[in-house]
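Let's take a walk through a protein chain together. Have the structure open, and turn it around as you read.

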Amino acid sequence: MEASYSKFNRVCQILEENNYDKSKLIPILQAVQNEYRYLPEEILVFLASSLNISPARVYGVATFFAHFTLKPKGKHIIKVCDGTACHVKKSTGLIDAIKQKLGLKENEHTTKDMLFTLETVSCLGACGLAPVLLMDENVHGQMTPDKIVKVIDEVIKNEEKS
Ligand code: FES
């Protein structure tokens, strides 16, 4: 109950920072996503009533932009490029290695402990480094299955320290 209250408390702060201005719906959604790493359904409904707009409009904006997600994501996002250059250099082998390392089944993208989410993207604009992936904001080029397993281990080690 307390957690749920503080959840809305933070959303109220975001709304106040944006003066409850419905024309600022996109920055508001952005701030909410930054806070929770996704857009929880109950918050979208809350935003709609707080901004005095229809839930359909809020959902429409939240689903129109690929950047927004309505599903919870892990703390660390691994984006594997599967554009042409990376695909040719066996990006699928990286994806398989990551799934195996993280214990992700066929249609799973996020680990149960919510530590990692695996996504595929098309061309990160670094084709010369193919195959390329992003671990959060860090670019890793010329990746191999062994190297990505080490990168993941490093992230897990840092998490254990913190
Ligand atoms: S295809 Fe992967 S960076 Fe361009």
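## Reading helix angles

Before we look at how helices pack, here's what the angle means: a line, called an axis, is fitted to the C-alpha atoms of each helix over the stretch in contact, and the angle runs from 0 to 180 degrees between the N-to-C directions. Keep in mind that what you're looking at is a predicted model.

With that in hand, take helix H3 (residues 41–51) and helix H4 (residues 55–64): they pack at about 125°, and their axes are 8 Å apart. Angles of 65 to 115 degrees count as roughly perpendicular and those over 145 as roughly antiparallel, so H3 and H4 end up oblique to each other. The crossing of H3 past H4 is right-handed. On the H3 side, the contact uses Leu 44, Val 45, Leu 47 and Ala 48, while H4 brings Pro 55, Val 58, Tyr 59 and Ala 62.

## Another partner for H4

H4 also packs with helix H2 (residues 25–36), at an angle of about 70° and with 11 Å between the axes. That angle makes H2 roughly perpendicular to H4. H2, too, passes H4 in a right-handed crossing.

Who does the touching? From H2 come Leu 25, Ile 26 and Leu 29, and from H4 come Val 58, Val 61 and Ala 62.

## Stepping back

Now zoom out to the whole chain. Its secondary structure adds up to seven helices and four strands. Starting at the N terminus, the order is α-α-α-α-β-α-α-β-β-β-α. Along the principal axes, the C-alpha atoms fill a box of roughly 50 × 35 × 25 Å.

The domain assignment splits the chain into domain 1 (2–64) and domain 2 (76–161). Taken over C-alpha atoms, the centres of the two domains are 30 Å apart. Of the 162 residues in the chain, 19% are buried. What about contacts between residues at least 6 apart in sequence? For these, 60% join residues that are at least 24 apart.

## Two nonpolar cores

The largest nonpolar core holds 15 residues, and the ones with the most contacts inside it are Ile 78, Val 80, Leu 94, Ile 98, Val 132 and Leu 133. Strand E1 (76–81), helix H6 (91–102) and strand E2 (116–121) are the elements that each give two or more residues to this core. H6 supplies the largest share, with four residues.

Try clicking on Leu 133. Leaving out residues up to four places away in sequence, Leu 133 touches Ile 78, Lys 79, Val 80, Cys 81, Leu 94, His 140, Met 143 and Ile 148. There's also a second, separate core of eleven residues, and among them are Val 11, Ile 14, Leu 39 and Ile 43.

## A loop residue to find

Is Thr 110 buried or exposed? Look for Thr 110 in the loop between H6 and E2. A residue counts as buried if 20 or more other C-beta atoms lie within 10 Å of its own. Thr 110 has 20 such atoms within 10 Å, so Thr 110 is buried.

Which residues does Thr 110 touch, not counting those up to four places away in sequence? They are Pro 72, Lys 73, Gly 74 and Thr 117. You can also compare Thr 110 with His 76: the two are 34 residues apart along the chain, and 9.6 Å separates their C-alpha atoms.

Terms used: Residues are numbered from 1 along each chain as its sequence is written. This is a predicted model: local features need pLDDT of at least 70, side-chain atom pairs count only at pLDDT 80 or more; totals for chains, interfaces and linings use all residues. Domain bounds come from an automatic or database domain assignment. A nonpolar core is a set of buried Ala, Val, Leu, Ile, Met, Phe, Trp, Tyr and Cys residues joined through C-beta atoms within 7 Å. A residue is buried if 20 or more other C-beta atoms lie within 10 Å of its own, exposed if 12 or fewer, and partly exposed in between; C-beta atoms are placed from the backbone. Two residues are in contact if their C-beta atoms, placed from the backbone, lie within 7 Å. Angles under 35 degrees count as roughly parallel, over 145 as roughly antiparallel, 65 to 115 as roughly perpendicular and the rest as oblique. A crossing is left-handed if the near helix is turned anticlockwise from the far one by less than a right angle, and right-handed if clockwise.
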